[in-house]
Amino acid sequence: MRVKYIAIFILQLFILWLLNELGSLIVHWLHLPIPGNVLGMMLLFILLLIGVIKLEWIDEASSFLLKHLVFFFIPITVGIMTLGAIYL
């Protein structure tokens, strides 16, 4: 049962990662002035809206990532704090 849960979680992460990479590729190919991950989120929103992707397909992985979102900002926050003396 645990192996099945892990496999589903990895598949959900792969779907999210694939949409992120697709957004980055589209931005690169079309030279759009927006970040690729933002376009990937817009693609995900549109696909969820029209029903191509069901919420259940990405629910576990997206909930996990949102729950741990603060940990993704720690490195950039520390990096900005080390540059504080430059701008004063």
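## Close-ups of a three-residue-set and its helices

**View 1. M41 sits in helix α2.** Keep in mind, here and in the other views, that this is a predicted model. M41 has a relative accessibility of 54%, so it counts as exposed. Now look along the chain to I76, which is 35 residues away from M41 in sequence. Between the C-alpha atoms of M41 and I76 there are 21 Å.

**View 2. R2 belongs to helix α1.** Is R2 buried or exposed? With a relative accessible area of 63%, R2 is exposed, since the cut-off for that label is over 50%. The partner picked out for R2 is P75, 73 residues away along the chain. Their C-alpha atoms, those of R2 and P75, are 31 Å apart.

**View 3. Helix α1 runs from residue 2 to residue 30.** That gives α1 29 residues. From its first C-alpha to its last, α1 reaches 42 Å, which is close to the 42 Å expected at 1.5 Å a residue. Which residues of α1 are buried? They are F9, Q12, L16, L19, G23 and V27. If the spacing of that list catches your eye, recall that an α-helix has 3.6 residues a turn, so residues three or four places apart point the same way. The buried residues of α1 pack against two helices, α2 (36-50) and α3.

**View 4. H31 comes just after α1 and has a positive phi.** What is the phi of H31? The angle is near 55 degrees, a positive value, and H31 is a residue other than glycine. H31 is found in the loop between α1 and α2. Its relative accessibility is 68%, so H31 counts as exposed.

**View 5. Helices α1 and α3 pack against each other at an angle of about 75 degrees.** Two packed helices are described by the angle between their axes and the distance between the axes. For α1 (residues 2-30) and α3 (residues 59-67), the axes are 7 Å apart. Why call the pair roughly perpendicular? The label covers angles of 65 to 115 degrees, and the angle of about 75 degrees falls in that range, so α1 is roughly perpendicular to α3. On the α1 side, the contact is made by Y5, F9, Q12, L13 and L16. On the α3 side, look for D59, E60, A61, S62, F64 and L65. Sorted by type, the residues of this contact come out as seven nonpolar, two polar and two charged.

**View 6. Q12, in helix α1, is buried.** Its relative accessible area is 4%, so Q12 falls under the 20% cut-off for buried. What does Q12 touch? Leaving out residues up to four places away in sequence, Q12 touches E56, W57, I58, D59, E60 and A61. A polar atom of the Q12 side chain also lies 3.5 Å from the backbone oxygen of E56.

**View 7. L13 follows the helix theme: this residue, too, is in α1.** At a relative accessible area of 30%, L13 is partly exposed. Which residues is L13 in contact with, once neighbours within four places in sequence are set aside? They are A61 and L65. L13 and A61 are 48 residues apart in sequence, while their C-alpha atoms are 5.7 Å apart in space.

**View 8. S62 is a residue of helix α3.** Is S62 buried or exposed? S62 has 18% relative accessibility, so it counts as buried. The S62 side chain reaches the backbone oxygen of D59, at 3.2 Å. Both S62 and D59 are also listed among the α3 residues that make the contact with α1.

Terms used: Residues are numbered from 1 along each chain as its sequence is written. This is a predicted model: local features need pLDDT of at least 70, side-chain atom pairs count only at pLDDT 80 or more; totals for chains, interfaces and linings use all residues. Side-chain values use heavy atoms; hydrogens and water are left out. Axes are lines fitted to C-alpha atoms, for helices over the stretch in contact, and angles run from 0 to 180 degrees between N-to-C directions. Helices (H or I, at least four residues) and strands (E, at least two) are DSSP runs, numbered from the N terminus. Angles under 35 degrees count as roughly parallel, over 145 as roughly antiparallel, 65 to 115 as roughly perpendicular and the rest as oblique. Contact means heavy atoms within 4.5 Å. Ala, Val, Leu, Ile, Met, Phe, Trp, Tyr, Cys and Pro count as nonpolar, Asp, Glu, Lys and Arg as charged, and the others, Gly among them, as polar. Buried means under 20% relative accessible area, exposed over 50%, partly exposed in between (1.4 Å probe, protein chains only). A polar contact is a pair of N or O atoms within 3.5 Å; within protein, one must be able to donate a hydrogen and the other to accept it, and residues adjacent in sequence count only if both atoms are side-chain atoms. The expected span of a helix is 1.5 Å times one less than its number of residues.
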